[in-house]
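Here are some short exercises to work through with the model open beside you. Try each task before reading its solution.

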Amino acid sequence: MSQEFFHEGELVAVLTAQPLDRFLDYKATEGGCHLGAFVEVPLGPRKVLGVVWGPGKGDFDYNKVRSVIRVLDVAPMRDEMRTFLTRAADYTLTPLHAMLRLATRAPGLGDAPSMRKVYRLGDQEPDRITAARTKVLEVLSDYGGLSFTLKELADMAGVGSSVVKGLVKLGAVAEVDAPRDMPYPMLDPDYGGKELSVGQAAGAEALRADLRTDKYGTTLLKGVTGSGKTEVYLEAVAECLRMGRQALVLLPEIALSGEFINRVEARFGMKPAEWHSGVTMTERRRCWRMVGQGDAQLIVGARSALFLPFQNLGLVVVDEEHDTSYKQEDGVLYNARDMTVLRAAINGAQVVLASATPSLESWANVEQGKYKRLELKSRYGPAIMPKMSAIDMRVEDLPGGKWVSPTLRNAIAQRIEKGEQSLVFLNRRGYAPITLCRACGHQIACDHCDARMVEHRFLKRLMCHQCGETKPMPNVCPHCEAEDKLSAVGPGVERMGEEITELFPDARVAVLSSDLYGSARAMKAHIEEIAKGGTDIIIGTQLVAKGHNFPYLTLVGVIDADLGLQGSDLRAAERTFQLMRQVAGRAGRAETPGEAMLQTYQPEHGVIRAILAGDEEAFWAAEAGERRAAGVPPYGRMAGIILSGPSAEEVFELGNALARQDLPLRKIGAQVFGPAPAPIARVRGRHRVRLLVKAEKSAPLQQALAEWAGQFRLRGDLRMAIDIDPQSF
Ligand code: ADP
Ligand code: ZN
């Protein structure tokens with residue numbers, strides 16, 4: 001048994017989030033501290049946050065060891081969390097302090113909470129009652145003794161805040177000070193459950209039974225978009241809440257979480273806690289602390305929510321588990337889906353991976369019996385899957401510089417006549433991907449990255465999609481200085497907007513692309529507006545492929561279905577298949593059947609044929625065969641080593657040196673490929689090369705990689721990042 005409490009004067013080993021590769025000894029002070037306590041400790045001239053990780057080593061003169069400054073007033077980090085961070089660090093070959101940083105991403109953790117005004121039922125009867133006042137009082141009595149902020153209360157009652165203020169004056173509503181870190185309102189697992197279909201009910205019961213085992217397990221919940229997966233996993237969430245354990249739902253596209261939050265509220269009577277980049281600092285802090293003390297039952301969040309200090313985690317749902325945004329590509333390189341499974345295994349929690357188009361990894365885990373599989377075979381209710389067809393672009397009659405084929409145009413015209421919506425899908429932001437000088441052939445590129453600048457006409461600027469740098473659109477070619485020769489080449493969604501407006505001048509057209517909005521809120525509002533049916537033709541990027549329901553949408557036209565098939569990435573087929581199925585699934589949700597049309601130059605391509613046939617099993621089987629033959633994930637293991645620095649020569653030199661000294665890898669039978677320019681060869685002025693390492697599934701890859709990379713001291717401005725399970729290979 002490890003020591004659980006340290007008395008005054010005893011030495012403790014503290015992990016800080018500072019870049020040090022060891023624990024630091026401190027003396028416990030008056031009152032002592034628990035194992036896992038969050039503490040403030042002196043480090044040089046600074047005070048830093050740390051966690052008591054165990055007994056101190058006592059390597060130094062006891063009298064010189066400094067003391068803990070204070071123990072923070074937050075729940076100590078639990079054993080499971082320390083185990084999780086340690087194992088996640090080992091798996092991703094990330095220093096433990098970087099993991100701790102991920103786990104403490106809330107501002108002012110140890111500070112006393114600030115106060116704010118909240119409102120609850122007062123003890124006076126108002127002498128004059130109005131309809132609006134009645135609503136407010138009803139809300140308050142419905143929710144018993146609960147208090148709300150002014151905005152919450154006014155929103156819930158559907159009245160202006162002056163009504164509440166008026167009631168305060170009369171004493172019918174009490175205004176009191178409360179700490180900002182209030183517990184979240186209790187959710188009611190039996191509040192708004194829907195009547196489930198037979199298939200849904202069976203799925204929900206299977207998940208509930210798994211939860212009741214109180215053990216770890218993972219289930220892949222597969223079903224086409226609209227089959228009712230969300231309803232099924234919300235039943236698992238309900239069961240988790242009944243058991244008094246905490247639940248977490250991870251979503252890939254947090255900008256779209258508004259609709260989801262409303263669904264949760266409809267199901268459980270109250271909104272859940274949210275954790276993502278759009279949440280204010282005060283609310284983040286509240287969420288972190290309440291999760292830690294068990295006063296938040298359900299959290300809906302982005303991948304980093306997995307690092308919240310759950311007290312009693314019982315269930316994690318990873319919605320759209322195949323989504324690439326679960327992989328963090330900056331800083332600590334981790335895949336939230338895989339880390340979820342790790343965390344759940346440590347916590348004895350259940351995992352539900354939901355998707356219409358599961359990743360090959362999850363598919364393989366089902367095959368090997370590691371995950372269970374649940375499938376919803378058809379769409380909920382009368383809606384049926386859209387009819388899929390290809391438009392062979394080799395035979396369509398289209399002038400240069402235009403992209404909407406006559407076939408697609410006719411289909412859209414028919415929908416407009418019937419008052420239905422169409423979606424024109426192109427996975428490319430901006431106006432045109434290339435800005436070319438017709439005089440010298442120069443293509444405008446980013447000064448810092450190995451990428452073209454993309455014209456954004458809406459912003460009236462050129463933008464680099466790698467580093468975000470923008471510059472005004474020049475009048476003359478930056479290369480040959482010819483005037484008026486720069487022209488847009490290729491389509492982006494903004495340009496599609498232009499073409500569609502020309503074709504359908506009377507139609508109401510909306511372009512949906514993440515860069516067209518000043519804020520996530522503006523984007524959300526626009527999406528909701530469109531969903532209500534105020535638009536005839538939606539033109540959108542990947543953003544619309546994810547999660548949102550457009551009940552009036554019956555036609556999806558994909559402008560360039562071949563886009564994702566270019567390049568040599570072994571995952572290209574999987575990605576294209578997933579994206580096309582996902583986009584097509586947007587059509588025909590309600591009682592009206594949908595149709596999806598794919599414009600392609602290669603209708604006989606295996607992937608395109610599989611998409612059209614909708615034969616997922618066959619596609620995955622074929623894809624699995626190829627991956628197995630190539631010995632790549634999920635049938636083999638891969639890691640990428642990315643080296644970067646200001647000089648391309650130096651970076652390559654280091655890459656070559658690494659490739660030569662590969663003994664630690666050869667010992668485990670692994671192969672090294674490269675160095676080659678990384679998928680993004682230059683970012684923000686830094687040159688990047690990548691080495692890929694391929695090993696057998698069972699090989700002790702991390703250990704060998706650590707030994708291999710450890711042979712080199714990085715000089716000057718060179719950096720090395722290890723990427724276990726890279727997204728592209
Ligand atoms: P998925 O998550 O598989 O895309 P959803 O759970 O979002 O599917 O369901 C699609 C639509 O059908 C939603 O509007 C949802 O509210 C509705 N729906 C699903 N199951 C039921 C049910 N049992 N009763 C009523 N409506 C349902
Ligand atoms: Zn750039």
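**Exercise 1. Find the residue just after helix H8 that takes a positive phi, then work out how H8 sits against its surroundings.**

Step 1. Glycine 269 follows directly after H8 and takes a positive phi of about 80°. The model is predicted: local features need pLDDT of at least 70, side-chain atom pairs count only at pLDDT 80 or more, and totals for chains, interfaces and linings use all residues. Residues are numbered from 1 along each chain as its sequence is written, while chains are lettered from A and ligands numbered from 1 in the order in which they are written.

Step 2. Check the helix length. Helices (H or I, at least four residues) and strands (E, at least two) are DSSP runs, numbered from the N terminus. The expected span of a helix is 1.5 Å times one less than its number of residues. H8 (residues 257-268) has 12 residues, so it should span 16 Å, and its end C-alpha atoms are indeed 16 Å apart.

Step 3. Sort the residues by burial. A residue is buried if 20 or more other C-beta atoms, placed from the backbone, lie within 10 Å of its own, exposed if 12 or fewer, and partly exposed in between. In H8, Ser257, Phe260, Val264, Arg267 and Phe268 are buried. They cover an arc of only 80° around the axis (judged by the directions from the helix axis to the C-beta atoms), so they lie on the same side of H8. Asn262 and Ala266, on the other side, are exposed.

Step 4. Recall the general rule: an α-helix has 3.6 residues a turn, so residues three or four places apart point the same way.

Step 5. Look for the cover. Helix H7 (229-242), strand E12 (273-275) and strand E13 (298-301) are among the elements over the buried residues of H8. Contact here means C-beta atoms, placed from the backbone, within 7 Å.

**Exercise 2. Which element gives the most residues to the largest nonpolar core?**

Step 1. A nonpolar core is a set of buried Ala, Val, Leu, Ile, Met, Phe, Trp, Tyr and Cys residues joined through C-beta atoms within 7 Å. The largest has 88 residues, and those with the most contacts inside it include Tyr233, Val237 and Ile299.

Step 2. H7 is the top contributor to this core, with eight residues.

Step 3. Domain 1 (5-104) and domain 3 (198-376) each supply at least three residues to this core; the domain bounds come from an automatic or database assignment.

Step 4. Zoom in on valine 237: leaving aside residues up to four places away in sequence, valine 237 touches Ala247, Leu298 and Leu315.

**Exercise 3. Which residues stand opposite glutamate 40 in E6 and E7?**

Step 1. Two strands pair if DSSP finds at least two bridges between them. Strand E5 (residues 38-43) runs antiparallel to strand E6 (residues 46-55), with six bridges joining them.

Step 2. Leucine 49 in E6 is the bridge partner of glutamate 40.

Step 3. E5 also pairs with strand E7 (residues 70-71), antiparallel and over two bridges. There, arginine 70 stands opposite glutamate 40.

Step 4. Finish at the turn: the hairpin of E5 and E6 has two residues between the strands, and glycine 44 takes a positive phi near 60°.

**Exercise 4. Where are proline 634 and proline 675 placed?**

Step 1. Proline 634 is in the loop between helix H17 (616-630) and strand E28 (636-645). A cis peptide bond links proline 633 to proline 634, with omega about 0°.

Step 2. Proline 675 belongs to strand E29 (residues 671-683). Its cis peptide bond is with glycine 674, and omega is about 10°.

Definitions and conventions
Two residues are in contact if their C-beta atoms, placed from the backbone, lie within 7 Å.
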